Amino acid sequence: MTTPALLPLSGRRIPTLSPGASSFPHHRATLRLSEKFILLLILSAFITLCFGAFFFLPDNSKHKRFDLGLEDVLIPHIDTPKEGKHASGQVIIHGQGGHDEHRHREEEESLRDKIRADHERALQEAKEKLRKSREELKAEIQTEKNKVMEDLKKKDIGPKPLPPVPMPKVVGVSDGEPPEPDVKEKRDKIREMMKHAWDSYRQYGWGHNELKPIAKKGHSTNIFGSSQLGATIVDAVDTLYIMGLHEEFKDGQEWIEQNLDFSVNAEVSVFEVNIRFIGGLLAAYYLSGQEVFKLKAVQLAEKLLPAFNTPTGIPWAMVNLKSGVGRNWGWASAGSSILAEFGTLHMEFVHLTYLTGNPAYYQKVMHIRKLLAKMDRPNGLYPNYLNPRTGRWGQHHTSVGGLGDSFYEYLLKAWLMSDKTDTEARKTYDDAIEAIERHLVRKSNGGLTFIGEWKNGHLERKMGHLACFAGGMFALGADGSPDDKAGHYLQLGAEIAHTCHESYDRTVLKLGPEAFKFDSGLEAVAVRQNEKYYILRPEVIETYWYMWRFTHDPKYRQWGWEAVQAIDKYCRVSGGFSGVKDVYSSNPTYDDVQQSFFLAETLKYLYLLFSSDDLLPLENWVFNTEAHPLPVLHLGNITLPGSEPAQR
Ligand code: DMJ
C-alpha cells in the first residue's frame, strides 16, 4: 500500500507536483485531504487508547486484597471453602474471574469479618496476658520453647545428643612404672622413640594420614581415600595418653576436635577405618573420658553403615564416606569381601551400640556371625573370601596371616570383652582354632612350629609376619579353652613366639621379613625379594608382650629389647622412623613411610612390655587388632539394645 498523503509531512519533497501545471489549487486540495486523514487517524488512535485504558485499568478490589497480605488472603481461601470462597487461592493471586462484583463484595465482607475477629482475639489474649504474673508468663514462654525443641527433635533436626551411659569401670589407667631401674630406662627409651615419631609427624606431616620421614612430608595410601584424615593422630593419641605425653595428647585432641571431619568425598577401607579410627577414638574416650572422642567415633560409624547395604549384609570392603556407595577390591577373588575385614568389626560395633543405644551396630555384626555359622566350611576352615552378592565362598584359601588373621582374634576377644558371657563366640573360636591346628600348624625339619597357608587343598609352608600375632592370641585364649587344653595353647603361643623371633634373628638387621619359608632346607627365612621388607609392623612384639604377661619369662623382654635396638639403629632417621626394603642387607634402603600402626601398636606394645602389669590389666581391657584398649563390658543385668540377655 502507498501512502502519498503522508509524504508531505516529512517536509522534504512533494512528489505529486508535476512541472508546468497550475499547482496551487491542486496542491491545496491535496493538503486538505491529508489533514482530514491525519485528524481521522489521531481521533481513531485516541478512541483506541481510551477503550484500551478502560480494560487495562487496575481492578481496585484486587488491590485491596493484596494490601491485606498474601497469607491473610490465601489461608482462608484454601482452608475455609465452607465460607463460600474458592477452594483454591488462584482466584486472588492470578486475578482469574475478577469481574464478578457480587462475589468480590462477598469476599471483602468475609475478609473484613475475619480481620475483625482476629483483632478481637489478639486484644483478648493481650488482656489475659496482662492479668498474668511475670512468673506465669516466664513459665509459659519456657513451655513454648520446650515444645519447639521437642518438635525439632522429633523431626530429626540438629545434633542428636548421645544417651547418658555409665562409664564402664576403668581399671589400670596408671603410670605402670616398673620397679627395676634398668627396665625403667628401657621404657624411657621407648617413650623417647614415640616422641621422635610424633614430633616428626607433627613437624612435617601434621594432618596428613602418615609421614614420609625421608622426604619430610605427608603421606597417604588408598585405604584412607584421598582425604587428609590425620590417621596418625587418631591412631596414636591413646599411646600418647598411656605414655603420659600429655602435651602431645592435648595437641592431638585439639586437632581431632577442630579438624577431623568425615563429610568428605573419600572412599575408605571399612576395616582400616574401623580398627584405626573408631578403635582409636573409643580407646581415647575410655582412657581420658573426653566426650569429643566418643562423638567423633559415632559420627564416623554412621558413615560406615551404608557399607552393609549388600544383598547378604556382608559389608563392602570400601565405602565412600559422602555418597555411601560401597564396592570391593577387584583383586579379592572376583570382588569378594575379605574374612579379616568383615570379621573384624565386632568389638568396636558392640561398644558403639553400648554408647549410643543404637542397636544397628550390634545387629550388623551379629548378622555376619549368624550368616557364617550357617555356611559349610571346607575341612572346618574359613576361606578368606566371601561374595557379598551371592553369600558364597570365593577361592578356598585359608590364612591366619593376611586376609584371615583378625577374624579369629575377634572371636576370642568378643568373648573376653563380654565378660566371658558371649559363649557362642568362644565356641566358634575354639572350633576354628582346632581346624587351624589340624590343617595349618606344622613343625619344620629344624623343629620350628609354624602356621602355613591353606590353598585349594594344599599347604604352603610359608608364614607371614602378620601371622606372628597368633602366638599372643593362643596364649590369650588358653584360659577357658575346652578339654583342659590351657597348657597346650600357652605352649603353642610360646612356640610361635620362638619361631617369629627366629625370623628376626636370622636376618642381618635383626628385624623380621614380611614372609618366611620352611621349605627345601629353609628355616624361617625369606626367599623372594618382595618378602624381605620390614615396615615397622607390630605382630611379633605383640606376641612377646602377651607371652610376657602370661609367663614373665625374661626372654620376652630381652627379645623385645633386641627389636627396640634394631628399629632405633636401622629405621630411625632425622625425620622419624622408616620401613626398610631388605632386612638381609647391611646397607638397606628405606621405604620412606612411617606407618600409623608404628605409633598405635609397635611402640605401645614395647612400652607395655617394659611396664608393670597393673597398667591396663588384661582382665579389664581387651586390645583391638590395632592395639587400642577397650574396657571389658561387665554388662551384668544390662542388655544391649537388639541383643538377647547375656548368659553365662
Ligand atoms: C595393623 O593395622 C593391624 O594389626 C591389622 O590387624 C593388621 N596389621 C596391621 C599392622 O601390621
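A residue counts as buried here when its relative accessible area is under 20%. Keep that cut-off handy for what follows, bearing in mind that this is a predicted model.

Start with His397, which belongs to strand β8 (residues 397-398). Its relative accessibility is 11%, so His397 counts as buried. The His397 side chain also has a partner: a polar contact of 3.1 Å links it to the side chain of Glu453.

Next, the ligand. It sits in the largest pocket, and two elements each give two or more residues to the shell around it: α10 (270-288) and α21 (596-609). The full set around the ligand is Ile275, Arg276, Leu466, Arg537, Pro538, Glu539, Phe597, Glu601, Thr625 and Glu626. Sorted by character, that shell has four nonpolar residues, one polar and five charged.

If you're after polar pairs between side chains and ligand oxygens, here are three with their distances:

| Residue | Side-chain N or O atom to a ligand oxygen atom |
|---|---|
| Glu539 | 2.6 Å |
| Glu601 | 3.0 Å |
| Glu626 | 2.6 Å |

As for how covered the ligand is, it would expose 300 Å² taken alone, and the protein buries 92% of that.

Away from the ligand, have a look at helix α8 (residues 231-242). Of its 12 residues, 11 are buried, so the rest of the structure largely encloses this helix. Among the buried ones are Ala231, Thr232, Ile233 and Val234, and Leu240 and Ile242 belong to the list too. Charged side chains turn up as well, with Asp235 and Asp238 both buried in α8. After the helix comes Gly244, with a positive phi near 75°.

What about positive phi in a residue other than glycine? Lys216 is one such case, with phi near 55°. Lys216 lies in the loop between β1 (210-212) and β2 (217-219). With a relative accessible area of 31%, Lys216 is partly exposed.

Ala334 is another residue other than glycine with a positive phi, again near 55°. You'll find Ala334 in the loop between β5 (326-327) and β6 (337-338). Is Ala334 buried or exposed? At 68% relative accessibility, Ala334 counts as exposed, since the cut-off for that label is over 50%.

Terms used
Residues numbered from 1 in each chain as written. Predicted model: local features only at pLDDT ≥ 70, side-chain atom pairs only at ≥ 80, totals over all residues. Heavy atoms only, no water. Near = heavy atom within 4 Å. Polar contact = N/O pair within 3.5 Å; in protein donor to acceptor, adjacent residues only side chain to side chain. Areas by Shrake-Rupley, 256 points an atom, 1.4 Å probe, with all protein chains shown as cover. 1 Å grid on protein atoms, 1.4 Å probe; cavity = no way out; pocket = protein on both sides within 12 Å on 5 of 7 lines; lining within 4 Å. Sits in = over half its atoms within 2 Å of the grid points. Helix = DSSP H or I, 4+ residues; strand = E, 2+ residues; numbered from the N terminus. Buried < 20%, exposed > 50% of the residue type's maximum accessible area, 1.4 Å probe, protein only.
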